[in-house]
Amino acid sequence: MDDLAGILEFYRDAGVDTPLDDQPVNRLALPEPADMGPSQSPQRPAGPAGREAMPTVVATSSNDTPATGQDLPARIAEANEIARQADTIDALREALVQWDGIDLAQTVPTMVFGSGPETAALLVLADCPERQDVSGEQLWSGAGGRMVDMMLAAIGQSRADTRFAAACPWRAPGGIATDEQQAVLRPFLLRHIALSQPKIVLTFGQTALKSLTGQQGNFLKDRGRWHEIELAVTDEAMEPVAVRPTFHPHYLMKNPAQKRLTWADLLAVKSRLADGG
């Protein structure tokens with residue numbers, strides 16, 4: 001089971017966060033021979049002009065789980081309104097805990113909303129907590145955290161002057177939040193960043209960047225350059241914040257040759273911080 005979870009984490013860190021099917025497909029297996037016997041082919045009733053009638057699809061719903069799919073725009077709008085009303089990090093966290101519009105709140109026991117000073121010039125964004133974070137309730141407390149500490153030290157930063165946040169503050173099954181979960185959590189993430197008032201957001205990995213921007217891009221092209229997001233600092237005013245994507249620490253631990261590219265990103269962050277953001 002640990003090996004399977006490790007493979008999923010490796011895929012996540014490499015940016016593979018969208019499955020193509022619910023079940024794996026063995027592309028090398030020979031197909032089963034088709035049975036063309038008449039007795040094995042059930043007939044559908046004939047429709048108009050002798051054509052076969054299409055099977056009827058019946059939609060079902062359940063009130064036992066949080067609503068999904070068709071009401072997604074309504075839940076995003078509700079999340080926007082709830083997040084907008086929070087005027088502190090603690091109030092925002094409590095509002096998310098109390099909200100019933102995200103299924104992870106009912107299925108994952110521990111939330112790791114963020115850590116570090118409430119306001120900081122640099123905010124580091126992860127996709128979701130590590131396994132070790134779930135027990136300690138602090139982001140980046142495992143092996144990845146040690147690399148993060150070294151990355152920050154290399155540019156004259158530390159945990160004491162850096163805000164940490166997670167796009168999904170619960171550790172979703174497999175370590176990857178679904179597209180729908182990312183969409184409904186995005187208003188809380190944007191409000192978290194607005195309240196933290198960073199000059200720069202450093203994102204780790206493709207999923208964190210996608211959660212932040214709401215766009216599915218090409219991570220290898222997006223990394224290595226500056227991006228910008230607009231945040232609502234008041235009900236009337238928007239303010240731009242610089243975003244720098246780089247590789248996820250776990251990906252770097254498995255692919256050390258990519259550290260040189262991350263070093264270039266860190267130097268760009270250091271230079272921009274020195275210039276006041």
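How much space lies in the largest cavity? The answer is about 60 Å³, in a predicted model whose protein chain comes to 11 helices and six strands. The structure holds one cavity of 30 Å³ or more. Of the 277 residues in the protein chain, 40% are buried. Among contacts between residues at least 6 apart in sequence, 70% join residues at least 24 apart.

**Confidence**

- The average pLDDT of the protein chain is 82, and 74% of the residues score at least 70.
- Residues 44-65 have a pLDDT below 50, and beyond near neighbours in sequence this stretch has 12 contacts in the model.
- Where pLDDT is low, the predicted coordinates should not be read in detail.

**The sheet**

- Six strands make up an open sheet with mixed pairing, in the order E1-E3-E2-E4-E6-E5.
- Strand E1 (114-115) and E5 are the edge strands, each pairing on one side only.
- Strands E2 (residues 122-126) and E3 (residues 162-166) run parallel and are joined by five bridges.
- Within this parallel pair, alanine 126 stands opposite alanine 166 in E3.

**Strand E5 and its hairpin**

- E5 runs antiparallel to strand E6 (residues 238-246), and six bridges join the two.
- Five residues lie between E5 and E6 in the hairpin that they form.
- In a regular strand the side chains alternate between the two faces of the sheet.
- Strand E5 (residues 227-232) shows this alternation: the side chains of His227, Ile229 and Leu231 point to one face and are buried.
- Glu228, Glu230 and Ala232 point to the other face of E5 and are not buried.
- Histidine 227, on the buried face of E5, has valine 243 of E6 as its bridge partner.

**The largest cavity**

- Rolling a probe the size of a water molecule over the atoms shows where empty space is left.
- The lining of the largest cavity consists of Leu96, Phe113, Ala166, Ala167, Pro169, Leu185, Phe188, Leu189 and His192.
- By class, eight of these lining residues are nonpolar and one is polar, with no charged residues.
- Helix H7 (residues 179-196) gives the most to this lining, with four residues.
- Ala166 belongs to the cavity lining and is also the residue of E3 that stands opposite alanine 126.

**The second largest pocket**

- The second largest pocket holds about 280 Å³ of space.
- Its lining has 14 residues, of which Asn80, Ala83, Arg84, Arg191 and Ala232 are the closest to the centre of the pocket.
- Helix H2 (72-85), H7 and E5 each supply at least two lining residues.
- Seven nonpolar, two polar and five charged residues make up the lining of this pocket.
- Ala232, among the residues closest to the pocket centre, points to the face of E5 whose side chains are not buried.
- H7 contributes to the lining of the largest cavity and to that of the second largest pocket.

**Helix H8**

- Helix H8 (residues 205-213) is largely enclosed by the rest of the structure, because eight of its nine residues are buried.
- The buried residues of H8 are Gly205, Gln206, Thr207, Ala208, Leu209, Lys210, Ser211 and Leu212.
- Glycine 214 follows H8 and has a positive phi, near 75 degrees.

How values were computed. Residues are numbered from 1 along each chain as its sequence is written. This is a predicted model: local features need pLDDT of at least 70, side-chain atom pairs count only at pLDDT 80 or more; totals for chains, interfaces and linings use all residues. Side-chain values use heavy atoms; hydrogens and water are left out. Buried means under 20% relative accessible area, exposed over 50%, partly exposed in between (1.4 Å probe, protein chains only). Two strands pair if DSSP finds at least two bridges between them. On a 1 Å grid over the protein atoms alone, a cavity is a set of points where a 1.4 Å probe fits but cannot get out, and a pocket is an open set with protein on both sides within 12 Å along at least five of seven lines; lining residues have an atom within 4 Å of a point. Grid points are joined across faces, edges and corners, and a volume is the space filled by probe spheres set on the points. Ala, Val, Leu, Ile, Met, Phe, Trp, Tyr, Cys and Pro count as nonpolar, Asp, Glu, Lys and Arg as charged, and the others, Gly among them, as polar. pLDDT is the predictor's confidence in each residue, from 0 to 100. Contact means heavy atoms within 4.5 Å.
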